[in-house]
Amino acid sequence: DHPTDGATLTIDPRAPVIIGAAQVSQWPDEHEDPTDAADAVDLMAMAVRSAAADSGAHGVTSALRLVAVAAGVWRHRDPGRIIADHLGIPEARTLLTNFGGQIPISLAGHIASEIALGRLDMAVLVGGESTVTRHRLRRIGLKPAERPEPPEAGGDRWGPPLDMGDEVTVALGASLPINSYAILDSAIRARRDESTDEGRRRAAEMCERYASVAATNPHASDRRAPDAATIMEITPTNRMVSWPYTKAMCANNIVDRAGAVILGSTAVADRLGVPPERRVHPHLSVAATDPPDLLSRDRLDSVPGLHAVADVLNDRFADMSRVAHFDIYACFPSIVDLTFETLGLPADAVPTVTGGLAFAGAPMNFAAGQSLAAMVQTLRDDPGSFGLVHGNGGHAAKHAVIVLSSEPPTACYDAIECGSFPGRRPIAPPDARADVVIDGFTVEHSREGPVRAIAACRLDDGARAWAQSLDPDLMRNFMNGEPVGSRCRIDHGRLSM
């Protein structure tokens, strides 16, 4: 029993609870031998051990029955098995996810459900990369050391496949997240009737808020806390990447870092002797899916799946007024803007407990997992408060949130799947020749300057198509003017004024 509001609350022994969380970072010195550095599996094993120690109880590692690993850029078939063997728990099941920024939150919700249903006693969710070290090895002509797969490798696969676009989408540059999220930003800016400078300033000011939190995070890659003016200024070290985003506005996955979160039943937490003040309780998780492609969506400045998630949250948490702490997924500014707007978050809400992908940085596919680990400590430090962690995957297509508190829930844990929201617009054939209206655009840059303009184009019959232009004058006009809503011409994917 745990006290709440002066009363005694009896907690269901099957109720899921987070008992331990940890992040570990490796900061390789340029003068050190990179062959001596820990690899991603080593870092993940370290994170699991640290999370077990964080619980304040003994025997946590040996009680794990599932090692669930978020996919990374390494090539292990079953990293969970390697980690389990490291930890001395060969009997534990293993799981490897597919890719998607929402995966850590969706998986945490799934694990919590399995625990609540009595199918699982205790599991760890873990992810990590050693990208900095791999890059250093590559620079000196070496490859990471081979790590043999255990003979029993072959755990379960979990999560939907990540669809980033067909051959046409890839060929025209719209499959790259840096381009697709910049295109979304242009549609948001046009709907709000912002000028180009106003839109860039909005994005930079949101990034400044993330940067200020990263400055307090000992695991953050960039703790300099640049202001909005610095973030939006185009310099040799802060080049334009995809209009209107500079490098400082973009996700950073170049880290040597891992994180782990251990979830178990209340009964197991009691048996292990986990102190009540170390426990953080999942109350609700919500997920939804939009079309993987942007072209078929009714609008580019609104996301139906995210609206469905917001409806559930607002119904359950009274317009989010009970939630004090947030970590909103921040691969690029447009998804932060859409999430703040759609969830109805207060304009002055602190958007993160880590510093976000641009400034804190995170392992590939595990940014939301790092945020979940950080949120656990935030809620312990503010007893009774609620926190929300958000994950986003694909082209703003996969949405997942989880709401937690150090306060136990008064009802059963709930995992709600809002379903999929199909696209309404047809997609024009790649050989279309037509007059079109620009619904969203970006100009992709290299280190040397503008490379190509990419636009989501709407034909008069309502269908959409991707098109690009290599014309320097058109690219310059797009960046200096307002192409959204203007009429252009497409011919086999080529865009012209």
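**Contacts, helix packing and backbone oddities in a predicted model**

Glycine 100 touches Leu162, Asn365 and Gly393, leaving out residues up to four places away in sequence. The model is a predicted one, and this glycine is a handy place to start reading it. Glycine 100 sits in the loop between strand 5 (93–97) and helix 4 (103–116). At 5% relative accessibility, glycine 100 counts as buried, because the cut-off for that label is under 20%. One of the partners, asparagine 365, lies 265 residues away along the chain, yet the C-alpha atoms of glycine 100 and asparagine 365 are separated by 5.9 Å.

Arginine 157 makes a nice counterpoint. This residue belongs to strand 7 (residues 156–158), and at 54% relative accessibility arginine 157 counts as exposed. Setting aside neighbours within four places in sequence, arginine 157 is in contact with Leu96, Thr97 and Asn98. Proline 275 is another matter: it is 118 residues from arginine 157 along the chain, and the two C-alpha atoms are separated by 33 Å.

On to the helices, beginning with helix 3 (residues 79–87). This element is mostly covered, with seven of its nine residues buried. Those seven are Pro79, Gly80, Arg81, Ile82, Ile83, Ala84 and Leu87, so the buried set includes an arginine, Arg81. What do the buried residues of helix 3 pack against? The list runs to helix 1 (40–54), helix 2 (60–63), strand 4 (66–69), strand 5 and strand 6 (122–130). Right after helix 3 comes glycine 88, with a positive phi near 75°.

Helix 12 (residues 333–343) turns up in two helix pairs. Two packed helices are described by the angle between their axes and the distance between the axes. For helix 7 (residues 177–191) with helix 12, the angle is about 50° and the axes are 8 Å apart. That angle makes helix 7 and helix 12 oblique to each other, and their crossing is left-handed. On the helix 7 side, the contact is made by Tyr181, Leu184, Asp185, Ile188 and Arg191; helix 12 brings in Pro333, Ser334, Ile335, Asp337, Leu338 and Glu341. Sorted by class, the contact of helix 7 with helix 12 has six nonpolar, one polar and four charged residues.

The other pair is helix 11 (residues 304–317) with helix 12, packed at an angle of about 40° with axes 9 Å apart. Helix 11 and helix 12 are likewise oblique to each other, but here the crossing is right-handed. Leu306, His307, Ala310, Leu313 and Asn314 of helix 11 meet Leu338, Thr339, Thr342 and Leu343 of helix 12. The class split for the contact of helix 11 with helix 12 is five nonpolar, four polar and no charged residues. Leu338 of helix 12 appears in the contact with helix 7 and also in the contact with helix 11.

The backbone has a few quirks worth flagging. The peptide bond from tryptophan 243 to proline 244 is cis, with omega near 10°. Proline 244 is in the loop between strand 8 (240–242) and strand 9 (245–246). Then there are two alanines with positive phi. Alanine 225 has phi near 55°, a positive value in a residue other than glycine, and is found in the loop between helix 8 (196–214) and helix 9 (228–232). Alanine 396 shows a positive phi of about 50° although it is not a glycine, and its place is in the loop between strand 13 (386–393) and strand 14 (398–405). Buried or exposed, how does alanine 396 come out? Alanine 396 is buried, with a relative accessible area of 0%, whereas alanine 225 is partly exposed at 37%.

Last, the cysteines. How many disulfides does the model have? The count comes to zero. The sulfur of cysteine 207 has its closest cysteine sulfur in cysteine 250, at 8.3 Å, and that is too far for a bond because a disulfide needs the two sulfurs within 2.5 Å. Seen from the other end, cysteine 250 is in no disulfide either, its nearest cysteine sulfur being that of cysteine 207. Cysteine 207 is buried, with a relative accessible area of 7%, and cysteine 250 is buried too, at 9%.

Note on methods:
Residues are numbered from 1 along each chain as its sequence is written. This is a predicted model: local features need pLDDT of at least 70, side-chain atom pairs count only at pLDDT 80 or more; totals for chains, interfaces and linings use all residues. Side-chain values use heavy atoms; hydrogens and water are left out. Buried means under 20% relative accessible area, exposed over 50%, partly exposed in between (1.4 Å probe, protein chains only). Axes are lines fitted to C-alpha atoms, for helices over the stretch in contact, and angles run from 0 to 180 degrees between N-to-C directions. Helices (H or I, at least four residues) and strands (E, at least two) are DSSP runs, numbered from the N terminus. Angles under 35 degrees count as roughly parallel, over 145 as roughly antiparallel, 65 to 115 as roughly perpendicular and the rest as oblique. A crossing is left-handed if the near helix is turned anticlockwise from the far one by less than a right angle, and right-handed if clockwise. Contact means heavy atoms within 4.5 Å. Ala, Val, Leu, Ile, Met, Phe, Trp, Tyr, Cys and Pro count as nonpolar, Asp, Glu, Lys and Arg as charged, and the others, Gly among them, as polar.
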